[in-house]
Amino acid sequence: MNVNGIPTRPLRPLTADGAIEIIDQTQLPHRLVWQRIDSLDGCAWAISSMQVRGAPLIGATAAYGVALALAQDGSDATLAAALDCLGATRPTAVNLHWALTRMAQTLRPLPQADRCPAAWAEAACIAEEDVAQNAAIGQHALALWKDLIIADDQVFNVMTHCNAGWLATVDHGTALAPIYAAHDAGIPVHVWVSETRPRNQGLLTAWELAQHGVPHTLIADNAAGFLLRQGKVDAVIVGADRIAANGDVANKIGTYLKALACADNGIPFYVAAPRSTLDFACPDGAAIPIEERAGDELRLVTGLDRAQQPAHLRQLPADADVANPAFDVTPGWLVKAIITERGSCPASREGLRALYPDEVGDD
Ligand code: MRU
């Protein structure tokens, strides 16, 4: 999508240089900083420190991380070490493991000398597939909304949580893909963006919507229920980090509360995600590993100081006892539909089986 009118992606391969460039998302929304990464360790750090974040983007970045590692040599040991290192960066987004499994399956049968160029090519395929799948998600969701919700000449008010826009993917975003599609089609759309404490990914959403010219309003997380009850929201749509085989959805902490408030107010709650977010080996939400992040994400507040320099402000003592689960699980029965590149379905085993008949078992 656009930054200052220029089509931009958060990840650019510099294949001839043996490197990638990423937008350092820890510096947004204050500064747009590109960072060059040319090593496995740099790539692993970018993922674990959330310089890159968002489930599909984590997967694509990890795929390029394998290519960076294989520049050293194409041996089995180097490949295995890269897969281990990248696989340990973040636990919840299954796209990471999906991408690494795909890289391993592609590369292991090849002669060692061929593995590095093949890794670059496969990573590029993963990235381009993500772009195409997210664009398809946008069109499927828009079709649903046109049929169900969007009335002529009415502003369509949609709420989202966290950042599931183009910054979280290779392009388009998942939850934001239909919002961009609606806006680009001339449909009047307004987005309620929740701040998403403690990492404030909602600020990334507000930034990218502003860059693309989509009307939006930032709210504190705790304002969501009030607005939903006031009838100011036509639909809620979020992304996902892992969807279990029964349709339970892991997404950024706070998602579940929005789904509950939607159920109480009769507002449809949608989840948008590509195939790489579906974990058919995971039976239900209780089996999804939930990342627990560092307590300083709560104890410190990040922003710009009076001199407009990046700064941390302490709001709690270093030894204050805090808990920081990064994701929660929304049971499938609270989800109106899961929207993927193949279309939409109920958030249930049967629903997912109808969209992916080869991948969901019978039990
Ligand atoms: O911790 P993050 O910022 O990587 O979490 C991101 C989310 O929870 C997104 O909602 C999810 O990955 C969907 S991305 C299109």
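## Rings, cores and a few odd spots

Ring pairs link W145, F156 and Y270 into a cluster. Rings of Phe, Tyr and Trp (taking the six-membered ring of Trp) count as a pair if their centres lie within 6.5 Å; planes under 30 degrees apart are called stacked, over 60 edge-to-face, and the rest tilted.

Before going on, a quick word on what you're looking at. This is a predicted model, where local features need pLDDT of at least 70 and side-chain atom pairs count only at pLDDT 80 or more, while totals for chains, interfaces and linings use all residues. Residues are numbered from 1 along each chain as its sequence is written, and side-chain values use heavy atoms, with hydrogens and water left out.

**The aromatic pairs**

Searching the whole structure turns up five aromatic pairs. Take W145 and F156: their ring centres are 4.9 Å apart and their planes meet at 55°, so this pair is tilted. W145 belongs to helix α5 and F156 to strand β6 (residues 156-161), so the pair ties together parts that are eleven residues apart in sequence. Helices (H or I, at least four residues) and strands (E, at least two) are DSSP runs, numbered from the N terminus. Are W145 and F156 buried or exposed? Both are buried. Here, buried means under 20% relative accessible area, exposed means over 50%, and partly exposed is in between (1.4 Å probe, protein chains only).

Two rings have a charged neighbour. R12 lies over the face of W34, 3.6 Å from the ring centre, and the charged end of K252 sits over the ring of F327, 4.1 Å from its centre. For this, NZ of Lys or CZ of Arg has to be within 6 Å of the ring centre and within 35 degrees of the ring normal.

**Two nonpolar cores**

In soluble globular proteins, nonpolar side chains tend to be buried together. A nonpolar core is a set of buried Ala, Val, Leu, Ile, Met, Phe, Trp, Tyr and Cys residues joined through side-chain atoms within 4.5 Å. The largest one in this model has 42 residues, and I20, V66, L86, M103 and L107 have the most contacts inside it. Elements giving two or more residues to this core are β4 (19-23), α1 (40-48), α2 (55-70), α3 (76-87), α4 (94-107) and α5 (112-148). Which of them gives the largest share? That's α2, with twelve residues.

Zoom in on I20 and you'll find that, not counting residues up to four places away in sequence, its contacts include L14, C43, L68 and W120. Contact means heavy atoms within 4.5 Å. There's also a second, separate core of 35 residues, and W145, V158, Y270 and I339 are among its members.

**Cysteines without partners**

How many disulfides does a search of the whole structure find? Zero. A disulfide would need a pair of cysteine sulfur atoms within 2.5 Å. The table shows two cysteines whose closest cysteine sulfur is too far for a bond.

| Cysteine | Closest cysteine sulfur | Distance | Relative accessible area |
|---|---|---|---|
| C43 | in C85 | 8.6 Å | 0% (buried) |
| C116 | in C43 | 13 Å | 17% (buried) |

**A buried threonine**

T205 sits in helix α7 (residues 201-212) and counts as buried, at 0% relative accessibility. Its side chain reaches the backbone oxygen of C162 at 2.7 Å. Leaving out residues up to four places away in sequence, T205 touches T160, C162, N163, A164, L176 and V193.

**Odd backbone spots**

A cis peptide bond joins L28 and P29, with omega about 5°; P29 is in the loop between β4 and β5 (34-37). Another cis peptide bond joins R197 and P198, where omega is also about 5°, and P198 is in the loop between β7 (189-194) and α7.

Then look at N4, which has a positive phi of about 50° although it isn't a glycine. N4 lies in the loop between β1 (2-3) and β2 (6-7) and counts as exposed at 66% relative accessibility. H172 isn't a glycine either, and its phi is positive at about 70°. H172 lies in the loop between β6 and α6 (177-184) and is partly exposed at 23%.

Key
A polar contact is a pair of N or O atoms within 3.5 Å; within protein, one must be able to donate a hydrogen and the other to accept it, and residues adjacent in sequence count only if both atoms are side-chain atoms.
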